[in-house]
Amino acid sequence: IYGNDEGYYDGAKYSFLTLLNWVEDEDPIEIVVLTEKPEKFENFPVTTFAIDANQKKEWSLSGAYDFRIKNRGLFYIMNKMKLNSHDKILFFDTDTYFHKSPLPLFELIKFNQAVFYLNEGLIYNRKRFNVYSENLKDKKIEYGGQFYELNQNSEIWGSLMIGIMPNMISSLEWADKLMVKFFEIVPSHTIESFSLSEVLLKKYKIVEGKSYVSLYSTRRKKEHAVKILSSFFTTNESLPIEDQISLAQKVKIKRPIFTVIKQRFSKVKEDIWQ
């Protein structure tokens with residue numbers, strides 16, 4: 001988590017408060033936050049690692065592609081933690097929360113199987129993925145001595161959630177090398193997740209985990225959620241963590257129908273004005 005948008009910090013806090021509702025004391029689970037502002041989380045039962053300005057600059061290609069930070073941050077954390085071969089890493093974006101136990105997700109993560117949020121379909125079957133087929137078709141891309149070619153089975157996997165094991169860490173490195181090549185030729189903000197899924201699928205299976213996660217990732221859902229979470233933490237941040245966990249379960253992120261209609265009407269007015 002980086003930058004100055006409080007919505008991301010509140011989203012992360014809400015995410016792991018709703019997660020903790022399903023975790024027992026004996027569950028061997030550690031929550032880790034990689035952030036520019038560790039002080040934002042000092043009152044929460046999490047382990048923080050700091051991102052400094054030089055890391056952020058390097059990981060984001062000097063600010064040209066912020067989404068690369070996810071791959072580089074995940075690689076960094078896995079190297080910083082003293083993981084054993086049976087440990088499992090489950091990454092979530094900050095706009096996720098949990099209204100049922102997500103712990104079965106750990107059972108889906110195996111030595112030969114990774115977990116992503118959602119399989120969005122074959123590139124050649126979806127018009128909205130044309131940016132990949134148009135820019136990668138019939139090209140052989142060299143990355144670090146390996147070669148990549150788009151094929152008829154290439155898919156887009158949503159990376160709002162990523163579950164992997166330590167034996168897969170080399171795939172993060174290879175995926176980053178491939179992503180840097182994609183950055184030069186594919187004008188899309190999903191090349192980070194696409195490169196990772198394509199590299200992982202060379203050695204491992206990938207399965208979906210969407211049924212265990214709730215989210216508010218679209219722009220208008222996020223506009224609504226950010227206000228609710230800001231109010232929640234303003235009111236409750238001084239309470240004991242146990243009380244915050246309990247109260248977080250009662251927060252209603254889903255937009256009421258009146259809000260949906262109001263937002264759509266506002267969008268129509270904006271379009272007419274433009």
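Let's start with a helix resting on strands: helix α3 (residues 68–80) lies across β3 and β8, and its direction makes an angle of about 25 degrees with β8. Keep in mind that you are looking at a predicted model. The mean pLDDT of the protein chain is 92, with 93% of its residues at 70 or more. Below is a tour of the sheet, one helix and several individual residues.

**The sheet under α3**

- Four strands make up an open sheet, arranged in the order β3-β8-β5-β9 with mixed pairing.
- β3 (89–92) and β9 (205–208) are the edge strands; each has a single partner strand, so one side of each has no neighbour in the sheet.
- From one strand to the next, the twist averages 50 degrees.
- As background, strands in a sheet pair through backbone hydrogen bonds, and they can do this in a parallel or an antiparallel way.
- At one edge, β3 pairs with strand β8 (residues 155–164) in the antiparallel sense, over four bridges. Isoleucine 89 stands opposite isoleucine 164 of β8.
- β5 and β8 also run antiparallel, and six bridges join them. Here glycine 121 has isoleucine 156 in β8 as its bridge partner.
- At the other edge, strand β5 (residues 113–122) and β9 pair in the parallel sense over four bridges. Phenylalanine 116 has glutamate 208 in β9 as its bridge partner.

**Where confidence is high and low**

- Which element of the chain has the highest mean pLDDT, and which the lowest? The highest belongs to β9, at 98, and the lowest to helix α10 (residues 257–273), at 55.

**Helix α9 and its buried side**

- Helix α9 (residues 241–248) has these buried residues: Ile241, Gln244, Ile245 and Ala248.
- They span an arc of only 100 degrees around the axis, which places them on the same side of α9.
- Why can residues that are spread along a helix point the same way? An α-helix has 3.6 residues a turn, so residues three or four places apart face the same direction.
- The cover over the buried residues of α9 includes α1 (6–20) and α8 (219–236).

**Two buried residues in loops**

- Serine 188 sits in the loop between α6 (169–185) and α7 (191–200). Its relative accessibility is 18%, and because buried means under 20%, serine 188 counts as buried.
- The side chain of serine 188 makes two polar contacts to look for: one with the side chain of tyrosine 132 at 3.4 Å, and one with the side chain of threonine 190 at 2.9 Å.
- Leaving aside residues up to four places away in sequence, serine 188 touches Tyr65, Val131 and Tyr132.
- Aspartate 95 is in the loop between β3 and β4 (96–97). With a relative accessible area of 8%, aspartate 95 is buried.
- Not counting residues up to four places away in sequence, aspartate 95 touches Leu160, Ser214, Leu215, Tyr216, Ser217 and Lys222.

**Glutamate 36 and its neighbours**

- You will find glutamate 36 in the loop between β1 (32–35) and β2 (47–50). Is it buried, partly exposed or exposed? At 25% relative accessibility, glutamate 36 counts as partly exposed.
- Setting aside residues up to four places away in sequence, glutamate 36 touches Ile1, Tyr2, Gly3, Tyr9, Ile51 and Lys56.
- A polar atom of the side chain of glutamate 36 lies 2.6 Å from the backbone nitrogen of glycine 3.
- Glutamate 36 and serine 159 are 123 residues apart in sequence, and their C-alpha atoms are 21 Å apart in space.

**Two residues with positive phi**

- Leucine 61 has a phi near 55 degrees, which is a positive value in a residue other than glycine. Leucine 61 belongs to the loop between α2 (53–59) and α3, and it is partly exposed, with a relative accessible area of 24%.
- Aspartate 138 has a phi near 65 degrees, again a positive value in a residue other than glycine. Its place is in the loop between α5 (130–136) and β6 (141–143), and at 74% relative accessibility aspartate 138 counts as exposed.

Note on methods. Residues are numbered from 1 along each chain as its sequence is written. This is a predicted model: local features need pLDDT of at least 70, side-chain atom pairs count only at pLDDT 80 or more; totals for chains, interfaces and linings use all residues. Side-chain values use heavy atoms; hydrogens and water are left out. Buried means under 20% relative accessible area, exposed over 50%, partly exposed in between (1.4 Å probe, protein chains only). A polar contact is a pair of N or O atoms within 3.5 Å; within protein, one must be able to donate a hydrogen and the other to accept it, and residues adjacent in sequence count only if both atoms are side-chain atoms. Contact means heavy atoms within 4.5 Å. The arc is that of the directions from the helix axis to the C-beta atoms. Two strands pair if DSSP finds at least two bridges between them. Axes are lines fitted to C-alpha atoms, for helices over the stretch in contact, and angles run from 0 to 180 degrees between N-to-C directions. pLDDT is the predictor's confidence in each residue, from 0 to 100.
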